[in-house]
Amino acid sequence: MSRIHLSRLQFKLWLGVGIVVLIGFLALQFDHHRTLRQFMLDQVRDDARTLHTVLLAAHRVHYLTPSGDPSGQAGFLPSPAIDRLAEAVQEQIPSALRFSTVSLRARNPAHQADADEIEAIRFFERTPEAEDRLVALNDADGQRIYHYARPIWVEPACLGCHGDRAAAPPAIAEHYQGGFGYRAGELRGILSVRIPGASVERRTDAAWLSSVLDHLLIFPLMLLAGGILLQRFVVDKVTRLEHAAHALAVEREVAPLPCDGHDELDELARAFNRMSVQTLARARALREERTFLQHVIDGIDEPILVIGLDYQVLRMNQCARELMRTIGLAPNAFRCHQLWQGRDEPCGDARNPCPLQRILDTRAPCKVVHHRTDKDGRERSFEVAASPLYDDDGHIVGIIEASREITERLHLLARLEASDQANTQLTRYDLLTGLPNRALFSERLTFAIEQSRVQGDELAVLIVDLDRFKHINDSFDHSDGDRILKRVANRLRGLFAPGDTLARMGGDEFGVILRGLRGSDQVIGVAQRIIGAFSTPFELQGHNLVLGASIGISRYPEHGASGDDLIRNADAALYRAKAGGGGTFDFYTEELTAHAFEQVLLEGSLRQALAEESFVLHYQPQLELNGERLHGLEALVRWQHPELGLVAPGKFIPLAEESGLIVPLGRWVLAEACRQMAEWRDAGLLSAETMMCVNLSTKQFADHELLELIQRSLRESGLAAGQLELEVTESVMMRASDQVIPQLERLRALGIKVALDDFGTGYSSLSYLKRLPFTKLKIDRSFVSELPEDASDVAITKAIIALAESLSLDVLAEGVETARQRDFLRVNGCRLAQGFFFSRPLSAVECERYLAALAARSTTG
């Protein structure tokens with residue numbers, strides 16, 4: 001977590017509050033100044049209206065005053081009177097305004113309208129309903145002024161002087177030429193008032209400055225209040241969260257953060273409290289796991305290093321640390337070439353090839369030999385075995401190196417190569433067992449065929465493969481596997497005549513040439529003795545290990561005329577013997593060749609079927625034994641072949657596994673099962689608790705897109721993660737535990753359930769139960785079929801149920817076919833079951849009818 005600089009955070013928050021307050025202050029002042037200006041203009045308008053009222057009243061008073069002088073200007077308000085009235089008004093209205101009454105047909109030139117006033121008169125002529133008009137103008141000097149105009153309409157009383165000239169008083173008719181001919185209601189002129197803009201602005205600014213001083217007291221208080229609130233409700237909470245995060249970063253115990261409120265920071269504090277508990281728990285578990293792993297590699301007496309892509313040593317065992325101290329390297333800053341070669345540049349020449357670079361080039365484990373000279377000048381050689389180190393996404397992030405000294409071994413090889421006998425031993429015999437190797441076996445087989453052709457007798461080739469030998473290599477060290485192979489070779493040596501040949505073909509496979517045969521009985525007897533030789537367990541580290549053997553047999557001349565033909569046909573027979581479960585032998589037949597051809601054709605059809613989506617799913621119900629309520633459905637794939645009809649999975653699933661087609665097929669099965677489950681759920685045929693069970697194979701776990709595929713299938717179908725159950729077999733766990741375990745842990749983290757199928761039929765089941773996040777055990781049908789008569793099956797079944805209960809796992813029995821089996825399982829605590837007693841696997845249409853009937857029965861019941 002990046003460090004939060006609280007001083008900067010406080011500065012930013014206070015700055016933000018200050019900017020907001022400042023913007024608000026400026027916006028308020030701008031708006032207030034504009035409002036004040038409008039207020040001042042409205043006040044000026046009111047002053048002008050008042051002036052209009054005063055003038056109009058004065059005019060009427062003057063008009064109504066009787067005059068004894070008929071030659072006087074009766075009914076006329078002379079200009080001196082207007083001027084005196086203006087002075088009086090100016091004293092009462094301090095707006096610096098200038099006013100006059102103007103007209104287009106003025107009798108007095110002083111009252112003749114100018115251009116601005118003419119425009120105002122025209123305005124009132126166009127809009128007689130307007131009461132007044134106020135506009136901003138510039139005067140002749142360019143100064144800003146406000147021009148106010150109010151119309152003067154002709155009233156009936158005005159017609160005495162402004163109507164027909166002949167009817168006007170003689171003094172007016174004789175004195176003036178214009179201003180006659182008006183009618184009542186006609187526009188006589190306007191009251192024209194000019195207000196200097198500077199006067200309005202001064203009054204506006206004075207009022208505005210007065211308000212600014214008040215606001216300058218209010219807004220700092222708002223800033224202070226806002227900052228205090230931010231400090232109280234944001235900064236203080238973030239400070240506590242930062243201190244707790246720093247403590248958690250170094251894995252110190254963290255006191256729970258207070259989170260009594262309901263805002264986002266309180267929710268964040270609650271989430272942090274949950275995270276801290278989980279993080280510290282994971283950190284403790286990780287430390288314990290690292291400590292355990294360190295103890296494991298420290299127990300190996302050869303240097304082991306974990307090396308990054310920059311050649312930096314990331315981890316080492318005790319033996320490597322002792323070597324490091326001997327050389328004098330700093331424990332936290334050295335690279336692999338400094339330890340192995342004592343130099344600063346990486347390895348990479350012919351004498352010392354770089355295993356890291358080789359793995360990056362090939363993405364495969366490798367072995368290289370390094371040579372170095374000691375301080376005393378002694379040449380020493382080391383075999384460095386390196387394996388790639390992958391991250392969760394399958395990218396190489398380093399290598400794991402183990403080094404062992406092979407100086408003496410190379411010296412021995414050098415001495416052996418110096419003589420023909422040693423050369424022959426190395427090139428024609430297996431170094432581990434001392435038996436002939438494949439090359440010498442082929443030479444002897446060619447010679448034996450020639451002799452049999454001359455003598456007219458038969459010979460047989462037996463290919464022997466050990467059953468379950470891989471379990472030894474997976475569970476023990478490879479050196480333990482080598483010891484077992486030596487003991488196997490010693491047991492087999494005593495089973496053959498002096499003229500026969502026993503060879504190690506490679507790995508855990510042996511070859512036998514039987515000569516001088518006169519029929520099949522001799523071959524069968526030898527095969528039976530070989531199988532019987534494995535009935536006695538092999539002792540290894542205090543454990544008794546039972547191995548088996550499978551044998552493929554071909555005969556000359558019936559099954560081939562050359563050594564290659566005989567070996568190839570014996571291999572084909574061996575494949576069939578192992579496919580039958582192992583522990584037996586089988587002779588080659590031409591049907592095996594036909595079967596191999598059929599497999600090739602079947603694989604082509606399988607690829608086409610995937611492209612054309614010729615697969616269908618059948619569903620077998622899983623029921624609760626108490627009440628027989630539906631618990632789930634297991635999706636089982638079937639191949640709808642256009643010619644062969646419905647092909648059973650046992651015929652095409654192994655082929656799909658072998659060819660790699662199981663990965664796209666598994667993707668389709670998962671997506672279709674989720675889609676069908678969602679359809680039945682939406683139709684009301686399934687409850688929210690019903691699960692869909694889908695089987696996963698070994699190669700699917702090697703698919704890096706598996707997790708994304710499962711999430712996408714759930715998302716597109718709308719199913720909850722808890723409604724999907726994935727089934728894996730013990731054989732899957734045995735063959736790919738390094739790939740399976742991380743994938744299963746991610747699936748369980750999503751809420752997806754995981755069932756262990758065929759429980760009890762594999763090897764080291766309990767160790768996997770301890771390590772893996774299973775939610776259910778499935779009792780294999782081989783233990784259920786003889787219940788309750790077979791005492792062994794009864795004991796095994798009870799033990800599995802008790803084990804599941806102690807581990808808080810569900811347990812489901814497969815292959816239930818009778819009521820007695822159902823009753824036994826129910827009485828002994830097994831809650832779930834499936835099998836033909838309840839229902840065979842059903843097509844989608846049949847399953848829909850089954851679900852509808854089940855729903856109807858539960859409703860009526």
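Here is a short chat about the nonpolar core and ring pairs of a predicted model.

Modeller: Residues are numbered from 1 along each chain as its sequence is written. Local features need pLDDT of at least 70, side-chain atom pairs need 80 or more, totals for chains, interfaces and linings use all residues, and side-chain values use heavy atoms, leaving out hydrogens and water.

Biologist: Which helix gives the most to the largest nonpolar core?

Modeller: A nonpolar core is a set of buried Ala, Val, Leu, Ile, Met, Phe, Trp, Tyr and Cys residues joined through side-chain atoms within 4.5 Å; buried means under 20% relative accessible area, exposed over 50%, partly exposed in between (1.4 Å probe, protein chains only). The largest has 79 residues, and Phe615 and Leu726 are among those touching the most other members. With 11 residues, the top giver is helix α20 (residues 662-682).

Biologist: Is phenylalanine 123 buried or partly exposed?

Modeller: Its ring neighbour, phenylalanine 124, is at 0% relative accessibility, so that one is buried. Phenylalanine 123 comes out at 21%, so the call is partly exposed.

Biologist: How are the rings of phenylalanine 123 and phenylalanine 124 paired?

Modeller: Rings of Phe, Tyr and Trp (its six-membered ring) pair if their centres lie within 6.5 Å; planes under 30 degrees apart are stacked, over 60 edge-to-face, the rest tilted. Here the centres are 5.2 Å apart and the planes at 70 degrees, so the pair is edge-to-face.

Biologist: Which residues form one aromatic cluster?

Modeller: Phenylalanine 615 and tryptophan 668 make a tilted pair, 6.4 Å centre to centre with 50 degrees between the planes. Both are buried. The cluster is Phe615, Trp639 and Trp668.

Terms used:
Helices (H or I, at least four residues) and strands (E, at least two) are DSSP runs, numbered from the N terminus.
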